[in-house]
Amino acid sequence: MAHRHVSAGCAALTVLGALVLTGLPAAAAVEPPAPIPAASAAETLGANRPSPAVLRAMQRDLRLTEAQARTRLVNEAEAGTRAGRLQNALGKRFAGAWVSGATSADLTVASTDVADSPAIEAGGARAVVVENPLANLRAAKTKLDRAVTGKGLRTPVRYVDVRTNRVTLQATSRAAADALVEAAGVDSALVDVKVSADRPRALYDIRGGDAFYIDETARCSVGFSVTKGDQQGFATAGHCGKAGAKTTGFNQVAQGTFQASVFPGQDMSWVGVNSDWTATPAVKGEGGQNVQTAGSVQALTGAAVCRSGSTTGWHCGTIEQHDTSVDYAEGTVDGVTRTTVCAEPGDSGGSYISGVQAQGVTSGGSGDCTSGGTTFYQPINPVLSTYGLTLTTSTSESGTPAPEDGQEGSWAAGRVYEVGARVTLDGVSYECLQPHQAQTAWQPSLAPGLWQRV
């Protein structure tokens with residue numbers, strides 16, 4: 001449902017089930033990844049220098065002390081690097097990674113082979129043996145997504161839950177979920193069904209989190225400042241406006257025009273602003289104080305994340321699942337991330353940030369910030385890659401986005417890299433450990449938290 005309609009919803013969804021512990025035929029031995037230099041990832045990503053606004057909100061919403069909040073951000077940055085190394089080492093047997101505990105001190109990595117356990121533990125993680133590799137679960141979810149589109153069957157939410165080693169369907173009835181599974185031709189043993197009356201809706205309504213107005217009829221929130229060549233602007237949700245729609249800022253002053261927009265399918269857009277507006281790396285934090293954006297390194301499942309929006313302000317929670325599919329009344333949106341952060345209409349398009357790393361823009365959800373709720377965000381890296389945008393950061397110029405010509409090739413600032421991407425720089429080959437948009441200060445030899453030499 002679009003932002004124009006405000007409705008109450010249920011509290012945040014809970015995670016169901018437990019990991020399946022099982023032994024499978026042994027695979028070739030995996031060498032444990034090389035040790036990570038002390039604090040390298042935290043230093044590279046700025047996790048050891050959090051803003052006071054992030055710390056205060058984490059203390060409030062996650063019920064942490066300041067010391068716990070600081071420790072959690074550092075632990076999550078380091079865990080992301082360890083998880084990337086192990087994912088690359090395990091290959092097809094990799095079944096997911098997540099952090100847990102008040103300070104995210106525990107990293108769990110799942111594999112389909114018990115023989116991988118020593119290498120996982122040597123890599124600084126708890127090993128769990130499960131039945132289904134992540135690739136198989138993603139393939140099953142893709143079949144379900146295609147059946148929704150092709151058969152006209154609707155379930156509000158679909159995602160791969162790495163912690164249960166299943167694909168989860170949130171549906172309004174068991175019959176609706178069963179019909180979709182059958183139409184998709186997916187083994188029902190791979191699927192957990194959660195029956196819920198919740199119906200996520202798009203939260204309609206240049207500092208991240210500030211309000212802006214579309215054609216003088218609707219309000220949304222700024223996501224993150226971006227540039228494309230000499231054109232400044234910001235990324236936000238696609239459902240906020242179509243290409244060509246005019247915007248005014250929080251102060252009702254003429255601001256810009258939607259340059260491109262996709263919704264449904266995905267929920268992404270960007271607005272090019274006029275010369276009266278300047279892109280900054282700031283996100284509006286608690287009490288209106290600025291939180292600076294340093295990059296776009298994707299946080300792990302279980303990590304803390306904070307949201308800024310023009311209706312409810314600054315709130316924090318945790319990342320529940322990446323690569324989720326949601327059926328709104330307007331259509332299906334794929335590839336969003338599910339969180340426990342609350343939001344309300346008008347927060348749409350607003351910023352999600354983990355520490356100082358941009359994560360995405362608010363898409364939709366259920367519930368509210370009084371009773372709690374579940375929200376979904378459109379990850380920022382696909383927005384940057386799709387539209388050839390450069391995230392505005394506090395650390396350095398990211399560079400002009402390079403052509404997306406595959407994972408192999410020379411490293412280039414501005415390009416979005418995924419885990420496992422291989423590049424060369426100065427004659428040396430490296431493999432990516434965490435999804436991010438490359439910056440000049442993050443050359444592989446200088447960023448061991450993001451790249452490993454191969």
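Why is the disulfide of Cys-220 and Cys-240 left-handed? The torsion about its S-S bond is about -95°, so the link between Cys-220 and Cys-240 takes the left-handed form. The model described here is predicted, and a search of the whole structure finds three disulfides, which are taken up in turn below, followed by the largest pocket and the overall make-up of the protein.

**Disulfide of Cys-220 and Cys-240**

- The sulfur atoms of Cys-220 and Cys-240 are joined with an S to S distance of 2.1 Å, and the pair links distant parts of the chain, 20 residues apart.
- Cys-220 belongs to strand E9 (residues 218-221), whereas Cys-240 sits in the loop between strand E11 (231-236) and strand E12 (246-248).
- Cys-220 has a relative accessible area of 0% and is therefore buried; Cys-240, with a relative accessible area of 5%, is buried because the cut-off for that class is under 20%.

**Disulfide of Cys-306 and Cys-316**

- Cys-306 and Cys-316 form a disulfide in which the sulfur atoms lie 2.0 Å apart, and with 95° about the S-S bond this link is right-handed.
- The pair connects distant parts of the chain, 10 residues apart, with Cys-306 in strand E17 (residues 304-309) and Cys-316 in strand E18 (residues 313-328).
- Cys-306 counts as buried at 2% relative accessibility, and Cys-316 counts as buried at 7%.

**Disulfide of Cys-342 and Cys-369**

- A disulfide joins Cys-342 to Cys-369, with an S to S distance of 2.1 Å, and the 100° about its S-S bond makes the link right-handed.
- This pair also links distant parts of the chain, 27 residues apart: Cys-342 is in the loop between strand E19 (331-339) and strand E20 (351-354), while Cys-369 is in the loop between strand E21 (357-368) and strand E22 (372-379).
- Cys-342 counts as buried at 10% relative accessibility, whereas Cys-369, at 23%, counts as partly exposed because buried requires a value under 20%.

**Pairing pattern and a further cysteine**

- With the bonded cysteines counted along the chain, the disulfides of the protein follow the pattern 1-2, 3-4, 5-6.
- Cys-432 has a relative accessibility of 0% and therefore counts as buried.

**Largest pocket**

- The largest pocket holds about 880 Å³ of space, and its lining is made up of 37 residues, of which Arg-138, Gln-298, His-322, Asp-323 and Glu-418 lie nearest its centre.
- Among the elements that give two or more residues to this lining are helix H3 (66-90), helix H5 (134-151) and helix H7 (380-387), and strands that do so include E1 (94-100), E18, E19, E21 and E22.
- Strand E18, which contributes to the lining of the largest pocket, is also the strand that contains Cys-316.
- Sorted by class, the lining residues of the largest pocket comprise 16 nonpolar, 16 polar and five charged residues.

**Overall make-up**

- The protein contains seven helices and 28 strands, and 59% of its 454 residues count as buried.
- The protein exposes about 16800 Å², and carbon and sulfur atoms supply 51% of that area.

Note on methods: Residues are numbered from 1 along each chain as its sequence is written. This is a predicted model: local features need pLDDT of at least 70, side-chain atom pairs count only at pLDDT 80 or more; totals for chains, interfaces and linings use all residues. Side-chain values use heavy atoms; hydrogens and water are left out. A disulfide is a pair of cysteine sulfur atoms within 2.5 Å. Helices (H or I, at least four residues) and strands (E, at least two) are DSSP runs, numbered from the N terminus. Buried means under 20% relative accessible area, exposed over 50%, partly exposed in between (1.4 Å probe, protein chains only). On a 1 Å grid over the protein atoms alone, a cavity is a set of points where a 1.4 Å probe fits but cannot get out, and a pocket is an open set with protein on both sides within 12 Å along at least five of seven lines; lining residues have an atom within 4 Å of a point. Grid points are joined across faces, edges and corners, and a volume is the space filled by probe spheres set on the points. Ala, Val, Leu, Ile, Met, Phe, Trp, Tyr, Cys and Pro count as nonpolar, Asp, Glu, Lys and Arg as charged, and the others, Gly among them, as polar. Accessible areas come from the Shrake-Rupley method with a 1.4 Å probe; for residues, only the protein chains shown count as cover.
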